[in-house]
Amino acid sequence: MKESIWGYMVILMGVLAIIVIYFFQNVTNTEENNYTLIKEATEAAMYDSIDMATYRKSGEIRIVQEKFVENFLRRFADNASLAHTYKIDIVDVNETPPKVSLKISTSDDTVEGVTFTIADKIDAIIESKN
(Lines give C-alpha, C1' and ligand atoms only; values in the text may rest on other atoms or scores of the structure.)
Protein backbone atom coordinates (compact mmCIF):
# COMPACT_ATOMS: atom_id res chain seq x y z
CA MET A 1 0.00 0.00 0.00
CA LYS A 2 2.82 2.41 0.83
CA GLU A 3 4.44 1.97 -2.57
CA SER A 4 1.23 2.84 -4.43
CA ILE A 5 0.84 6.09 -2.46
CA TRP A 6 4.42 7.05 -3.36
CA GLY A 7 3.62 6.30 -7.01
CA TYR A 8 0.55 8.53 -6.92
CA MET A 9 2.55 11.30 -5.26
CA VAL A 10 5.31 11.13 -7.91
CA ILE A 11 2.73 11.35 -10.71
CA LEU A 12 0.97 14.29 -8.99
CA MET A 13 4.27 16.14 -8.51
CA GLY A 14 5.11 15.59 -12.19
CA VAL A 15 1.78 17.04 -13.32
CA LEU A 16 2.20 20.05 -11.02
CA ALA A 17 5.74 20.64 -12.34
CA ILE A 18 4.47 20.59 -15.94
CA ILE A 19 1.73 23.13 -15.08
CA VAL A 20 4.24 25.49 -13.41
CA ILE A 21 6.68 25.22 -16.33
CA TYR A 22 3.87 25.93 -18.82
CA PHE A 23 2.74 29.01 -16.85
CA PHE A 24 6.22 30.58 -16.63
CA GLN A 25 7.03 29.75 -20.24
CA ASN A 26 3.86 31.57 -21.33
CA VAL A 27 4.80 34.66 -19.29
CA THR A 28 8.38 34.69 -20.59
CA ASN A 29 7.37 34.30 -24.23
CA THR A 30 4.75 37.05 -23.91
CA GLU A 31 7.26 39.52 -22.47
CA GLU A 32 9.94 38.73 -25.06
CA ASN A 33 7.53 38.98 -27.99
CA ASN A 34 6.07 42.25 -26.72
CA TYR A 35 9.48 43.89 -26.25
CA THR A 36 10.64 42.90 -29.73
CA LEU A 37 7.37 44.09 -31.26
CA ILE A 38 7.53 47.44 -29.45
CA LYS A 39 11.15 48.00 -30.39
CA GLU A 40 10.68 47.20 -34.08
CA ALA A 41 7.39 49.09 -34.43
CA THR A 42 8.82 52.18 -32.69
CA GLU A 43 11.95 52.27 -34.85
CA ALA A 44 10.02 51.84 -38.10
CA ALA A 45 7.37 54.39 -37.11
CA MET A 46 10.03 56.96 -36.22
CA TYR A 47 11.76 56.60 -39.58
CA ASP A 48 8.40 56.77 -41.38
CA SER A 49 7.42 59.97 -39.57
CA ILE A 50 10.53 62.01 -40.42
CA ASP A 51 9.54 65.36 -41.89
CA MET A 52 11.38 65.25 -45.21
CA ALA A 53 10.48 68.83 -46.18
CA THR A 54 12.22 70.22 -43.08
CA TYR A 55 15.19 67.92 -43.61
CA ARG A 56 15.65 69.03 -47.23
CA LYS A 57 15.23 72.68 -46.33
CA SER A 58 17.41 72.99 -43.22
CA GLY A 59 19.09 69.61 -42.73
CA GLU A 60 17.37 69.22 -39.34
CA ILE A 61 15.86 65.85 -38.48
CA ARG A 62 12.34 66.30 -37.15
CA ILE A 63 9.44 63.87 -36.74
CA VAL A 64 5.74 64.66 -37.01
CA GLN A 65 3.92 63.60 -33.85
CA GLU A 66 0.59 62.69 -35.44
CA LYS A 67 2.29 60.69 -38.17
CA PHE A 68 4.36 58.80 -35.60
CA VAL A 69 1.32 57.86 -33.52
CA GLU A 70 -0.59 56.72 -36.60
CA ASN A 71 2.32 54.64 -37.93
CA PHE A 72 3.11 53.11 -34.54
CA LEU A 73 -0.46 52.07 -33.81
CA ARG A 74 -0.89 50.58 -37.29
CA ARG A 75 2.35 48.61 -37.10
CA PHE A 76 1.69 47.43 -33.55
CA ALA A 77 -1.88 46.36 -34.32
CA ASP A 78 -0.80 44.47 -37.45
CA ASN A 79 1.60 42.26 -35.47
CA ALA A 80 0.06 42.06 -31.98
CA SER A 81 -1.38 38.84 -30.66
CA LEU A 82 -5.16 38.67 -30.39
CA ALA A 83 -4.89 36.51 -27.27
CA HIS A 84 -3.82 39.47 -25.11
CA THR A 85 -5.30 42.80 -24.08
CA TYR A 86 -2.98 45.77 -24.60
CA LYS A 87 -2.95 49.25 -23.09
CA ILE A 88 -0.71 51.67 -24.99
CA ASP A 89 0.49 54.84 -23.26
CA ILE A 90 2.45 57.26 -25.42
CA VAL A 91 4.20 59.13 -22.64
CA ASP A 92 6.24 61.66 -24.60
CA VAL A 93 6.89 62.58 -28.22
CA ASN A 94 9.47 65.27 -28.95
CA GLU A 95 9.55 66.41 -32.54
CA THR A 96 12.97 68.07 -32.31
CA PRO A 97 15.23 66.29 -31.35
CA PRO A 98 13.29 63.16 -32.32
CA LYS A 99 12.54 61.23 -29.11
CA VAL A 100 9.61 59.06 -28.03
CA SER A 101 8.71 57.32 -24.78
CA LEU A 102 6.16 54.51 -24.73
CA LYS A 103 4.66 52.19 -22.13
CA ILE A 104 2.64 49.15 -23.13
CA SER A 105 0.85 46.97 -20.60
CA THR A 106 -0.33 43.48 -21.49
CA SER A 107 -3.09 41.80 -19.52
CA ASP A 108 -3.51 38.08 -19.89
CA ASP A 109 -5.83 35.51 -18.31
CA THR A 110 -4.21 32.14 -17.90
CA VAL A 111 -5.85 28.76 -17.83
CA GLU A 112 -5.61 28.68 -14.05
CA GLY A 113 -7.69 31.88 -13.78
CA VAL A 114 -4.75 34.03 -12.72
CA THR A 115 -4.56 37.48 -14.31
CA PHE A 116 -1.16 39.10 -14.67
CA THR A 117 0.04 42.31 -16.26
CA ILE A 118 3.37 42.81 -18.00
CA ALA A 119 4.52 46.39 -18.59
CA ASP A 120 7.21 47.22 -21.15
CA LYS A 121 8.71 50.70 -21.43
CA ILE A 122 10.89 52.00 -24.23
CA ASP A 123 12.60 55.31 -24.92
CA ALA A 124 13.86 55.83 -28.47
CA ILE A 125 15.79 58.55 -30.25
CA ILE A 126 17.00 59.02 -33.81
CA GLU A 127 20.71 59.56 -34.06
CA SER A 128 22.30 61.36 -36.97
CA LYS A 129 25.78 62.08 -38.23
CA ASN A 130 25.97 65.88 -38.10
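A salt bridge is taken here as a side-chain nitrogen of Lys or Arg within 4 Å of a carboxyl oxygen of Asp or Glu. In the predicted model described here, the side chains of Asp92 and Lys99 meet this description, with a distance of 3.1 Å from N to O. Asp92 is partly exposed, its relative accessible area being 27%, and Lys99 is likewise described as partly exposed, at 25% relative accessibility. By this rule the structure holds four salt bridges, and side chains of opposite charge can pair in this manner when their charged atoms come close.

Two further salt bridges involve Arg62, a residue that is partly exposed, with a relative accessible area of 25%. One of them joins Arg62 to Asp51, where the closest N and O atoms are 3.1 Å apart. Because Arg62 belongs to the loop between α2 and α3 whereas Asp51 belongs to the loop between α1 and α2, this pair ties together parts that lie 11 residues apart in sequence. Asp51 counts as buried, since its relative accessibility is 19% and the cut-off for the term is under 20%. The other salt bridge brings together the side chains of Glu95 and Arg62, at 2.9 Å from N to O. This pair links distant parts of the chain, with Glu95 in the loop between β1 and β2 and Arg62 in the loop between α2 and α3, 33 residues apart. Glu95 is partly exposed, at 23% relative accessibility. Taken together, Asp51, Arg62 and Glu95 are linked in a network of salt bridges.

Arg62 also appears in the surroundings of Ser49, a residue placed in the loop between α1 (2-48) and α2 (52-58). Ser49 is buried, with a relative accessibility of 0%, and a polar atom of its side chain lies 3.1 Å from the backbone oxygen of Met46. When neighbours within four places in sequence are left aside, Ser49 is in contact with Arg62, Ile63, Val64, Lys67, Phe68 and Asn71.

Phe68, one of these contacts of Ser49, leads to the aromatic residues of the model. A pair of aromatic rings is described by the distance of the centres and the angle of the planes, and a search of the whole structure finds three such pairs. Phe68 and Phe72 form a stacked pair, with 6.0 Å from centre to centre and 20 degrees between the planes. Both residues lie in helix α3 (residues 65-79), where they are four residues apart, or about one turn of the helix. Phe68 is buried, at 0% relative accessibility, and Phe72 is buried with a relative accessible area of 0%. The rings of Phe72 and Phe76 have their centres 5.8 Å apart and their planes at 25 degrees, so this pair is stacked. Phe72 and Phe76 are separated by about one helical turn, because they are four residues apart in helix α3, and both are buried. Phe68, Phe72, Phe76 and Tyr86 form one aromatic cluster.

At the surface, a nonpolar patch is formed by Trp6, Met9, Ile11, Leu12, Met13, Val15, Leu16 and Ile19, which together have about 810 Å² of accessible area. Trp6, a residue of helix α1, is exposed, with a relative accessible area of 55%.

The backbone, finally, shows a feature in the loop between β1 (85-94) and β2 (99-109), where Pro97 lies. Most peptide bonds are trans, but the bond from Thr96 to Pro97 is cis, with omega near -15 degrees.

Notes: Residues are numbered from 1 along each chain as its sequence is written. This is a predicted model: local features need pLDDT of at least 70, side-chain atom pairs count only at pLDDT 80 or more; totals for chains, interfaces and linings use all residues. Side-chain values use heavy atoms; hydrogens and water are left out. Helices (H or I, at least four residues) and strands (E, at least two) are DSSP runs, numbered from the N terminus. Buried means under 20% relative accessible area, exposed over 50%, partly exposed in between (1.4 Å probe, protein chains only). A polar contact is a pair of N or O atoms within 3.5 Å; within protein, one must be able to donate a hydrogen and the other to accept it, and residues adjacent in sequence count only if both atoms are side-chain atoms. Contact means heavy atoms within 4.5 Å. Patches are made of residues with over 30% relative accessible area and no salt bridge: like charges are joined within 9 Å, nonpolar side chains (Val, Leu, Ile, Met, Phe, Trp, Tyr) within 5 Å. Accessible areas come from the Shrake-Rupley method with a 1.4 Å probe; for residues, only the protein chains shown count as cover. Rings of Phe, Tyr and Trp (its six-membered ring) pair if their centres lie within 6.5 Å; planes under 30 degrees apart count as stacked, over 60 as edge-to-face and the rest as tilted.
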